[in-house]
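User: I am new to this structure and would like a close look at a single part of it. Please choose one strand, describe its surroundings, and then show me the rest step by step.

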Amino acid sequence: MLKRTLVANRGEIACRILRACREAGIEGVAIYAENDSGTLFTELADIAVQLDGQGLAETYLNQEQILQIALDNGCDSVHPGFGFLSERADFAQAVMDSGLIWIGPSPEAITKMGDKMTARITMKEAGVPVIPGEEVTGGLEEVLQIAPSVGYPLLLKATAGGGGKGMRAVHRQEDLESEARAAMREAQNAFGDDRIYVERLLTGSRHIEIQVLADKYGKTIHLGERECSIQRRHQKVFEESPSVALDAELREAMGEAACDAARAVAYEGAGTVEFLVTPKGEFFFLEMNTRIQVEHPVTEMVTGVDLVREQLRIAGGQAMSCGPLNMRGHAIEVRLYAEDPSNNFLPAIGELKKFIAPTGPGVRLDTGVREGDAVTPDYDPMLAKLIVWAPSREEALQRMARALDEFVVLGCTTNVRFLRELCTNPDVVDGWTTTDMIDRLWPDGWTPDQAGKISDAGLLIASACESTNHGKTVTSSGGDTVIPSPFSTINRRYP
Amino acid sequence: MEFKTSNGRIEIDAIRDGDSFIHEGMILHTGEDLWLEIEGRKHKAVATKVGDVWWVHVMGHTLQFEVVEAGASSSDDEGGLTAPMPGKILEVHVNEGQSVRSGDILMVMEAMKMEHKIVASSGGKVESIHFKEGDQVPQGAELLTLSE
């Protein structure tokens, strides 16, 4: 059993983990950079410690400082969340060398899966199918030399990468050199490692991943799939489970392959095996993410398994509590980003002057922000994950559309309307989702469908608000004269 | 009253009736909450002002309207190429005096850990370049000036 866990992360995922700790009776320790002081996750922790320094390298990526805080505060374990140090084998090793429990797989498993080339080789040996491609060890010259044999369109990916950084699609030979330079530079900046590799870009295919869970007692299971095909700039925006592309047979085959992948590296804890699935129903291993994933809630909603709680349980030396796979209904997650979808999804900043999240049956919001917070360029632009569950896919889409209509974010541009339009897009409704669908549906970029009525209404509201100085007089005066709600005056009983 | 939007300037003359405003068959009731009546249905709206810009949420849409001071000229709609985000200049692809065509990449900047290309929206000549590689630029900064 764990007693006190340091959460080496921030924002939304730190909130998620700290809440799970609270539920499990584990004390949570948050670390935060100066520019995160006062944010939600620091309040959800039993102890919150400010990190010295500026910028990511000195704060959330500063292994020594984080480890020292864990030791100074009597922690027995470290949860890395996702991003940051979550897939750093050296950090996992350092945590273990300090006598603390690392909530995640072994450093050996992280190393084997974290390096895409080693992962490919390991998977080939384990009999898991991999994508045709060439592995590059010799820098730019070798990339240029190898590319023609892989064929176009091709994809350049950071060997150490993830999250779309250092990843470039190349459609023509003449773009290769500049794109390769950009990919290597982004890889160097994001991961401190500029190695890349070249693989064939499989167009029209789906990105489907399998959640796996393994404990110390030799039990390795899969928890079904997540369909993550809707992506922009190789970052996921819309994820769902189950996938319309999988029948029970393919699910079982992919689930078995995922469990084989996990067993091949003696995996422990929660992990995700990503596959590309072609229109013909072939599937290829893409990579394994050796951490909890952003989109884990959709699996939680359809399987009823609390994945973060299982991570804590497994790391504490207990057996997992899951029974046989039992998927029920349909769940969808969308990622609310501070970005402008009508301007090539460029990140946006601003103050969240209004942040009114939807509620109601089957609606879950995982976020680390709240009204009044400033969105800055310092961190990832993801503001929140909105997740819905409903008995069927059709109802889940309707519920998501309703929830997104209710979602008010003012002061910072977001992709909320883009997400809302996805819910009623015919291709999405038909389940015809592929990794290239955003480029396919909006080749010249997306613009909101604001028919005359909407812009006229907005204009009327803006002009009336300007005339009446709306919002200026609401606070302070008149607070005592609020008419009491009838529900608090009538002595009403509910059945 | 005049506003600037992403689609240009737009004027409105709503009829005021007490706390209500009427325009194009729509009625907006103001007060602590905003209620829009349209085609026999009511919709709650939320609005807040940031600087000179009214942010409006209504019927699942978010819109922005910048208040234009009466008598202001429209010259501020034109101008150079500005930084869409605070960030860092990674590459400068052009020299002063160079001719460029529409679609040419002028600069590459990094913001939010992603690279963004600054592209010429029309052809012209590079009159001046205001930043060099490695410079940090604030949001809205004019990066370079093109002449027609």
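Analyst: Let us begin with pairing: two strands pair if DSSP finds at least two bridges between them. Helices (H or I, at least four residues) and strands (E, at least two) are DSSP runs, numbered from the N terminus. Everything here rests on a predicted model, in which local features need pLDDT of at least 70 and side-chain atom pairs count only at pLDDT 80 or more, while totals for chains, interfaces and linings use all residues. Residues are numbered from 1 along each chain as its sequence is written, and chains are lettered from A and ligands numbered from 1 in the order in which they are written.

Our strand is S7 of chain A, residues 154–158. How much of S7(A) is buried? The strand is mostly covered, with five of its five residues buried (20 or more other C-beta atoms, placed from the backbone, within 10 Å of the residue's own; 12 or fewer counts as exposed, and anything in between as partly exposed). In a regular strand the side chains alternate between the two faces of the sheet. On one side of S7(A) you will find A:Leu154, A:Leu156 and A:Ala158, and on the other A:Leu155 and A:Lys157; both faces are covered, and these residues are all buried.

Now look at the partners of our strand. Strands of a sheet pair through backbone hydrogen bonds, either parallel or antiparallel. S7(A) runs antiparallel to strand S8 (residues 168–170) of chain A, to which three bridges join it. It also runs antiparallel to strand S9 (residues 196–200) of chain A, this time through five bridges. A:Leu154 is a handy residue to follow: opposite it stands A:Val170 in S8(A), and also A:Arg200 in S9(A).

To place this strand in the whole chain, turn to the domains, whose bounds come from an automatic or database domain assignment. Chain A is divided into domain 1 (4–103), domain 2 (132–200) and domain 3 (206–441). The C-alpha centres of domain 2 and domain 3 of chain A are 26 Å apart.

Elsewhere in chain A, five strands build an open sheet with parallel pairing, in the order S3-S2-S1-S4-S5. At its edges are strand S3 (47–50) and strand S5 (101–102), each of which pairs on one side only. Strand S2 (residues 27–32) of chain A runs parallel to S3(A), and four bridges join the two. Within S3(A), A:Ala48 is the residue opposite A:Ala30.

Another open sheet of chain A has eight strands, ordered S14-S13-S10-S11-S12-S15-S22-S20, and its pairing is antiparallel. Its edge strands, each pairing on one side only, are strand S14 (283–289) and strand S20 (363–367). Strand S13 (residues 269–277) of chain A pairs with S14(A) over six bridges in the antiparallel sense, and A:Leu276 has A:Phe284 in S14(A) as its bridge partner. Helix H14 (residues 416–424) of chain A packs on this sheet, touching strand S11 (220–232), strand S12 (235–241) and S15 of chain A. Its direction makes about 40° with that of S12(A); here axes are lines fitted to C-alpha atoms, for helices over the stretch in contact, and angles run from 0 to 180 degrees between N-to-C directions. H14(A) is mostly covered, with seven of its nine residues buried; among them are A:Phe418, A:Leu419 and A:Cys423.

For a contrast with these buried residues, find A:Gly323 in the loop between helix H12 (307–315) and strand S15 (330–337) of chain A. A:Gly323 is exposed, with 9 other C-beta atoms within 10 Å. Its C-alpha atom is separated by 9.5 Å from that of A:Ile221, although the two residues are 102 residues apart along the chain.

Finally, meet chain B. Its domain assignment gives domain 1 (2–67) and domain 2 (79–147), and 36 Å separate the centres of these two domains, taken over C-alpha atoms. In total, 44 residues of chain B are in contact (C-beta atoms, placed from the backbone, within 7 Å) with 41 residues of chain A. Several strands of chain B each supply at least two residues of the side that touches chain A, including strand S4 (20–23), strand S7 (41–50) and strand S14 (114–119). S7(B) provides the largest share of that side, six residues.

Methods:
Contact = placed C-beta atoms within 7 Å.
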